[in-house]
Amino acid sequence: MKKLTLLSASIAALVSATAIAAPVEVYLEQNVASNAADNGEYATEAGATIQTSEDGYVNIAFDDQGYLAAGYGYDFHMSDQVELNLYGELSKWDTGADALAEAVVTYNISDNFNVFGGYAYKRSELDLLSDNGINSNQFIAGSSVSFGMVSLDYTYTHENSDGSNAGVVHIGNQYYVTDGDYHTNQHEVVLSAEMDNWRPYVSYTYLNTSDLVSQYSNVGENDNIVTLGIAYQF
C-alpha cells in the first residue's frame, strides 16, 4: 500500500492484514500532486507484499526516481484483540540509504475497526562507509475502519532527529537537507475498496516539514501529496 515514506511504519499494521489475506499482493501507484510534481517529477512506484509464513511477510518497492526498498515484518498475536507487528526495512535512494526498525501494536475494537500506535527508529546515511548518519525517531498512531468493501485508514507520524549530524534525509518522494535537528508531522488518509482480487485506492498526505530545506531549495514548505494506486492479490 503505501509509498515512499518508506514502505514503512505506518503501513506495517495495514499491510500485515493484506499479507495474511493473500499470499502475494502487487501494486502500482502514481503520484499526481505534490511539491515534487509541481517541479515536474511525478513518481511512479511499484511493489509487492509476499506472505512467507502464516504471520511473516516481505515487502519490496521501487520507483522511477531511484528509490528501492525491501523489508520483513512479523505479526505476534498477543490476544484475540491485540497484535504486535515488528518490521525492519533497508532502502536506497539516489543520494543515500536508510535503515528502519519499527514496532506497532494494533488493538482490534471490532471486526471492522482498529486503532494502532508504535515507534520506529531510522538511520539515514549519505555514505554507508562513514559515520555521518542522521538518527531519527518516529512516533506513529492511527486507525482503520471498513464499511463492507470500502476501507478508510488514517495514520499520523511524528518524526524528529537527535541533532547528532547534519546531512540529507529522504521523506515522502523528496530528499531534504538538515542541520541535524528537525521534526516533521505527517497525516495520511487512504480510501480503498475491495473488488474481487483488486483494490483501487487513493491517498492524501499532508506533510509539515518544519525547518527542512527541500531538494528544490524550499525552506519549511509543507507538502500536499495525492497518490492514485491499484493493487492485485493472487
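**Exercise 1. Take Asn114 and work out whether the residue is buried or exposed, and what surrounds it.**

Step one: Asn114 has a relative accessibility of 16%, so the residue counts as buried. The cut-off behind that call is under 20% relative accessible area. Keep in mind that we're working with a predicted model here.

Step two: place the residue. Asn114 sits in strand β7, which covers residues 113-125.

Step three: list the company. Ignoring neighbours within four places in sequence, Asn114 touches Thr106, Tyr107, Asn108 and Ile109. Ser143 and Ser144 are in contact with Asn114 as well.

**Exercise 2. Find which strands make up the closed barrel, and look at how β5 and β6 pair.**

Start with the order. Twelve strands close the barrel, running β1-β2-β3-β4-β5-β6-β7-β8-β9-β12-β13-β15, and the pairing is antiparallel. On average, neighbouring strands of this sheet are turned by 20° against each other, direction ignored.

Now zoom in on one pair. β5 and β6 are joined by twelve bridges in the antiparallel sense, and Val82 faces Tyr107 of β6.

Then check the turn. Asp94 is in the loop between β5 (82-93) and β6 (96-110). Leaving out neighbours within four places in sequence, Asp94 contacts Gln65, Gly66 and Tyr175. From Asp94 to Tyr67 the C-alpha distance is 6.7 Å, with their positions 27 residues apart in sequence.

**Exercise 3. Follow Leu191 of β12 across the sheet: which residues stand opposite on either strand?**

On one side, β12 (residues 183-193) pairs with β9 (residues 150-161) through eleven antiparallel bridges. There, Leu152 stands opposite Leu191.

With β13 (residues 198-208), β12 shares eight bridges, again antiparallel. In β13, Val202 is the bridge partner of Leu191.

Last stop is the hairpin of β12 and β13. Four residues lie between the strands, and Asp196 in this hairpin takes a positive phi near 55°.

**Exercise 4. Go through the three salt bridges and say what each one joins.**

First up, Glu25 and Arg199: their side chains meet at 2.7 Å, N to O. Glu25 belongs to strand β1 (residues 24-33) and Arg199 to β13, so this salt bridge ties together parts 174 residues apart in sequence. Glu25 is buried at 2% relative accessible area, and Arg199 is buried too, at 4%.

Next, Glu159 and Lys122 form a salt bridge at 3.1 Å, N to O. With Glu159 in β9 and Lys122 in β7, the pair ties together parts that are 37 residues apart in sequence. Both residues are buried.

That leaves Arg123 and Glu125, whose side chains meet at 2.8 Å, N to O. Glu125 is buried, with a relative accessible area of 9%.

**Exercise 5. Classify the ring pair of Tyr74 and Phe76 as stacked, edge-to-face or tilted.**

The structure has five aromatic pairs. For Tyr74 and Phe76, the ring centres are 4.9 Å apart and the planes stand at 55°, so the pair is tilted. The reasoning is simple: stacked needs planes under 30 degrees apart and edge-to-face needs over 60.

What about exposure? Tyr74 has 29% relative accessibility, so it counts as partly exposed. Phe76, at 34%, is partly exposed as well.

To finish, look for a cluster: ring pairs link Trp198, Tyr232 and Phe234 into one.

How values were computed:
Residues are numbered from 1 along each chain as its sequence is written. This is a predicted model: local features need pLDDT of at least 70, side-chain atom pairs count only at pLDDT 80 or more; totals for chains, interfaces and linings use all residues. Side-chain values use heavy atoms; hydrogens and water are left out. Helices (H or I, at least four residues) and strands (E, at least two) are DSSP runs, numbered from the N terminus. Contact means heavy atoms within 4.5 Å. Two strands pair if DSSP finds at least two bridges between them. Axes are lines fitted to C-alpha atoms, for helices over the stretch in contact, and angles run from 0 to 180 degrees between N-to-C directions. Rings of Phe, Tyr and Trp (its six-membered ring) pair if their centres lie within 6.5 Å; planes under 30 degrees apart count as stacked, over 60 as edge-to-face and the rest as tilted. Buried means under 20% relative accessible area, exposed over 50%, partly exposed in between (1.4 Å probe, protein chains only). A salt bridge is a side-chain nitrogen of Lys or Arg within 4 Å of a carboxyl oxygen of Asp or Glu.
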